[in-house]
Amino acid sequence: MAQQPDETLLKADTFTNAPKVSKRTLTEEEKEELAKQRVAEQREAEKLYETASKGPIGRWWARVQSGPNKITLSLAIVALGVVYGDIGTSPLYTAQTFLSGQGGIANADREAVLGMLSLIFWSITLITTVKYVFIAMRIDNNGEGGIFALYSLIRRHGAWLAIPAMVGGAAFLADSVLTPAVSISSAVEGLKTLPPLEDVFKSDPDLTLMITVVIIVCLFAVQSRGTESIGRVFGSIVLVWFTFLAVVGAVNLSNDWTVFAALNPWYGLRFLFSPHNAAGIALMGTVFLSTTGAEALYSDMGHVGRGNIYFTWPFIKVALVLCYFGQGAWILKNQHNKTLADVPSLNPFFQMMNTNVRYVAVILSVTAGVIASQALITGAFTMVSEATRLNWMPHLQVRYPARTRGQLYIPVVNAVLLIATLAVLAMFKDSEHISAAYGLALTITMITTTILLAVYIWYDGKHVGAIVFLLVFLAIQTMFFIASMAKFLHGGWFTMLLTLAILFIMYTWDKGTKIERSQRRHMKPDDFLPTLNRLHGDFRIPYFADNIVYLTADPEMKRLDTDVFFSIFAEHPKRARAWWVVSVQTTDEPFTREYSVENFGTDYLFRVRIRLGFKVSQSIPPYLHQIMHDLSRTHELPEQKSIYPKVDADPGIGTIRYVLIHKDLMPESKVSTLGAIALRTKYSIRHVAGSPFKWFGLAPFNPIVEVQPLFISTRRPPRLKRVSLRRPANEGRVAESVGVTSGVTRVSDAGPSRASGVNRKPSRMAVADAETTVVMQRIVAPRPSSSDDHRDTPAA
């Protein structure tokens, strides 16, 4: 008879505040948000219906608004803040880098300026507009963009496609580290151009670095609020910023309207290969700076929607062209200005404004630098999330702080980017040195994206288009890469080293995962139920816990992972009243809370799948308690009553132990050196990335982490050969001397007796000595050689 709990003992449960579930499936705030969403959708549907009744244009607009190219004013503003920050800061340093490469403003004559402007215009047109806006953004994976999403669409066409995808993704993430450093530091350095602050910055050269560090730390600190809220604020500022760029550029165009001749691509090609070009092919590295941020348009497409980027890009491009051409006109006007000849690191962007406007420019440029960093940070979150789905990176805790699933935040990635960015600032100090490393990795991303896009176009049936696309854009971007390699010894090595480090992580994680999956086995109910049933009823074995809960990534409900099975029976069997195998899935809906149970016709084994919305907390303990109570009420789970108080303050459910299984490599495993390195590296990364126990709120409940051997094929070592015990060679001689000495002693003792004729019996001591002598001879003396002496003998 089961022992009934003592209520006086259980009163201690009132002193804990363990989490419990509510009777409601939605909070009041969630109900209000869903109600507002339904009202907004209904109003939108009514507007579309009214619009569709207003002729062909109205029907076209209704189709646009109901498809993937949907345009909304709010998300269009968010797109400005999230997508265009990086490309919007390019005018801050592109012209400055051009003048530095040509040896100063005095060497920037009309041929050089028109050549530079022509190359910039056509690079933006071909790379950003044609490649990314017109072509790449039409290729999405359920609304998501980026190189990993593109790879997911074409991975079935060849295993080799993983190579450019990994390389491109690693280069993009490496560039995400440098973007905040170069964008914000270059903007902050604009403070040096303000007359009242010139003496302050001269007396303290590190002041700009300190200001940059403070801004970057604040930027990363607000990432947890989500890109939607940040994007709305930044979007309004970016709208002002690009308007400012357009106005300032248009005002300076009055200095020389003939710069629009640079729209002819001949000027760019002629100057690039002209002996008058002091930078040579490295000029393309400067031109490439004007296209940085183009990849962000594609990778951030899932955040804001394709239609909103289509809607805002024309305004962005016009503003950029006006600003670049305005700087070109200012350079032509001031080529022979002697007061500017000795200005260090002359920046046409700030110099082309009068002092009063420059104050506004510095404030806006600093803000734009922050926004540029935001564009790459959100892109990095997206890339890591996609890499996790491909099993190229560890499964990290992902938060969705906004109303749409595309808005995500990964705490570990945020911390790593912050530390790496601060390290870059500590190493390179200022924007001039950081820009030497900037952009090199991004050229690799663009090249690999071009390859993958060409493969997609080819298998889409457009063979000629794929060949033309590949040849044209690969030629342009290869030229960018060669030019950027000129920066290698001046800082580009750091970007490449960072790219290789990230690539190593992705490759080893992928390789290790494949090795692990090659040995993964699953059991059918007929295989595991008889054994579990016997253990469940074996009362000779005490209970390990009332409930043992295993976490698994396997979503299939009709089978059992062998890791769980052998964990139950390893060493001392883990007998329990009930075993639970739980998987957790995140849905695309914000407030999903549901679960499914498979009990295999038993009352002691439960396969549970919990589905939670991306806005729902993933703290598992309260949900598991609810599931156990639900099954107890339906009599699927036998009644469990706690006799003594528990931390979880739930006397209606027995004790619970949580178990997570990790794998480890056996020393005898038959695996290549590269495979062993991959597995070791994966396990090290997993240790740093954190445990799912923390994500699911299980850490306070003293969970168990088990390590099981990775049973891949092993090398069979040769059998042991059993040999006889070896003895020192002088032991035989010692035995002989012992026997001879004893005999002489006994002869000498017996001699007088025989001589005297007395027939005397040997004494008891003599007999004992003789017996001892025989025994010693048998033990110590070497055995005579025979065929039987070579048989194996047990070791002592």
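This short presentation introduces a single protein chain, from its overall make-up to a few chosen details.

Good morning, colleagues. The structure before you is a predicted model, and every value I quote has been computed from it.

Let me begin with the chain as a whole. The chain contains 31 helices and eight strands. Of its 796 residues, 49% are buried. As for how distant parts of the sequence meet, consider the contacts with a separation of 6 or more: 83% of them are between residues 24 or more positions apart. Turning to the outside, the chain exposes about 39,600 Å², and 60% of this area is supplied by carbon and sulfur atoms.

I now move to the strands, and to strand 7 in particular, which covers residues 656–665. Is strand 7 enclosed or open to the surroundings? Eight of its ten residues are buried, so the rest of the structure largely encloses this strand.

Strand 7 also has pairing partners. Strand 2, residues 545–551, runs parallel to strand 7, and four bridges join the two. Within this pairing, V549 has Y658 of strand 7 as its bridge partner. Strand 8, residues 704–710, likewise runs parallel to strand 7, here with seven bridges. One position to look for in the model is D664, which stands opposite P709 of strand 8. As a general remark for those viewing strands on the screen, side chains in a regular strand alternate between the two faces of the sheet.

From the strands I turn to the surface. Which residues form a nonpolar patch there? They are W458, Y459, I467 and L471, and together they have about 420 Å² of accessible area. Two helices each supply at least two residues of this patch: helix 22, spanning 440–459, and helix 23, spanning 463–484. L471 belongs to helix 23. Why is L471 classed as exposed? Its relative accessible area is 57%, and the class of exposed residues begins over 50%.

Finally, a word on cysteines. How many disulfides does the structure hold? The number is zero. Two cysteines illustrate contrasting surroundings. C218 has a relative accessibility of 46% and therefore counts as partly exposed. C323, at 0% relative accessibility, counts as buried, since buried means under 20%.

To close, I would ask you to retain two places in this predicted model: strand 7, joined by bridges to strand 2 and to strand 8, and the nonpolar surface patch of W458, Y459, I467 and L471. Thank you for your attention.

How values were computed
Residues are numbered from 1 along each chain as its sequence is written. This is a predicted model: local features need pLDDT of at least 70, side-chain atom pairs count only at pLDDT 80 or more; totals for chains, interfaces and linings use all residues. Side-chain values use heavy atoms; hydrogens and water are left out. Patches are made of residues with over 30% relative accessible area and no salt bridge: like charges are joined within 9 Å, nonpolar side chains (Val, Leu, Ile, Met, Phe, Trp, Tyr) within 5 Å. Accessible areas come from the Shrake-Rupley method with a 1.4 Å probe; for residues, only the protein chains shown count as cover. A salt bridge is a side-chain nitrogen of Lys or Arg within 4 Å of a carboxyl oxygen of Asp or Glu. Buried means under 20% relative accessible area, exposed over 50%, partly exposed in between (1.4 Å probe, protein chains only). Two strands pair if DSSP finds at least two bridges between them. Contact means heavy atoms within 4.5 Å. A disulfide is a pair of cysteine sulfur atoms within 2.5 Å.
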